[in-house]
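Visitor: I would like a close look at one part of this molecule, the salt bridges and the helices around them. Could you walk me through that part step by step?

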Amino acid sequence: LRSGDRIAARRLAKEAFTLSRAAKDLLQEAQAEILAGLAAGPGDPPARTAPRPQWTRAERLVRRLGAHYDLHRLLLMRLTEQRLAPAMRRRLAEELLAGTARRGHDALFTSAEPERAARALTATLNEGIARDRTAALLAALGGRAVGEVLQLVDSPEEETRLRAATLLAE
């Protein structure tokens, strides 16, 4: 996917899925579904607002397996790669922020997925979701979040503007 070749990514995801099924490895199967969901692309059917069936299957598997880090990574992807209804977006963001705090998975934001995290966290801060935790994670991202945080300076919400200014000053 980094090369931008969605067709190759879909082919690899399908191959990974087939191999994981043959090996009866449910975690690998879930990871193949996650990759397939990413490879589906932002404009591909189903509509971007509909849950991607691959991610629905992956979520079911990682929840069943108790694979919390993989679940948190998937939630982060859904927040950045899908247009979600406000209530669904809030539910996913709250689950992600609470779950990563409870499990000590902050490295998902700061090391594994900093660009995606910056996008998700600035949107979450702008929506007023878990503002203290969200601001702390954005601060931990440091310079990698500056571009996204700058967009919050023009927010209609005074608290969001103040938090953005504080983050930029740090």
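Guide: Happily; what follows goes through the salt bridges, then turns to two helices and what surrounds them.

Please keep in mind that this is a predicted model. A search of the whole structure finds 16 salt bridges.

Let us begin with Glu33 and Arg57, a salt-bridged pair whose closest N and O atoms are 2.8 Å apart. Glu33 belongs to helix H2 (residues 26-39) and Arg57 to helix H3 (residues 53-65), so this pair ties together parts that are 24 residues apart in sequence. The two partners can be told apart by accessibility: Glu33 has 5% relative accessibility and counts as buried, while Arg57, at 34%, counts as partly exposed.

While we are at H2, have a look at helix H4 (residues 68-81) as well. The axes of H2 and H4 come within 11 Å and cross at roughly 10°. Angles under 35 degrees count as roughly parallel, and H2 and H4 are therefore roughly parallel to each other. On the H2 side the contact is made by Leu27, Gln31, Ile34 and Leu38, and on the H4 side by Asp70, Leu74, Met77 and Glu81. Sorted by class, that contact has 5 nonpolar, 1 polar and 2 charged residues.

Now for a second salt bridge, in which the side chains of Asp106 and Arg133 meet at 2.5 Å, N to O. This pair also links distant parts of the chain, 27 residues apart: Asp106 sits in the loop between helix H5 (86-103) and helix H6 (107-112), and Arg133 in helix H8 (residues 131-141). Asp106 is partly exposed, with a relative accessible area of 28%, whereas Arg133 is among the buried residues of H8.

That brings us to H8 itself. Along with Arg133, its buried residues are Arg131, Thr134, Ala135, Leu137, Leu138 and Leu141. Their cover includes H5 and H6, together with helix H7 (114-126), helix H9 (146-150) and helix H10 (158-169). After H8 comes Gly142, which has a positive phi, near 60°.

A third salt bridge joins Glu113 and Arg116, with 2.9 Å between the closest N and O atoms. Here Glu113 is buried, with a relative accessible area of 11%, and Arg116 counts as buried too, at 13% relative accessibility. Elsewhere, Glu59, Arg63, Arg78, Arg91 and Glu95 are joined into one network by salt bridges that share partners.

Definitions and conventions
Residues are numbered from 1 along each chain as its sequence is written. This is a predicted model: local features need pLDDT of at least 70, side-chain atom pairs count only at pLDDT 80 or more; totals for chains, interfaces and linings use all residues. Side-chain values use heavy atoms; hydrogens and water are left out. A salt bridge is a side-chain nitrogen of Lys or Arg within 4 Å of a carboxyl oxygen of Asp or Glu. Helices (H or I, at least four residues) and strands (E, at least two) are DSSP runs, numbered from the N terminus. Buried means under 20% relative accessible area, exposed over 50%, partly exposed in between (1.4 Å probe, protein chains only). Contact means heavy atoms within 4.5 Å. Axes are lines fitted to C-alpha atoms, for helices over the stretch in contact, and angles run from 0 to 180 degrees between N-to-C directions. Angles under 35 degrees count as roughly parallel, over 145 as roughly antiparallel, 65 to 115 as roughly perpendicular and the rest as oblique. Ala, Val, Leu, Ile, Met, Phe, Trp, Tyr, Cys and Pro count as nonpolar, Asp, Glu, Lys and Arg as charged, and the others, Gly among them, as polar.
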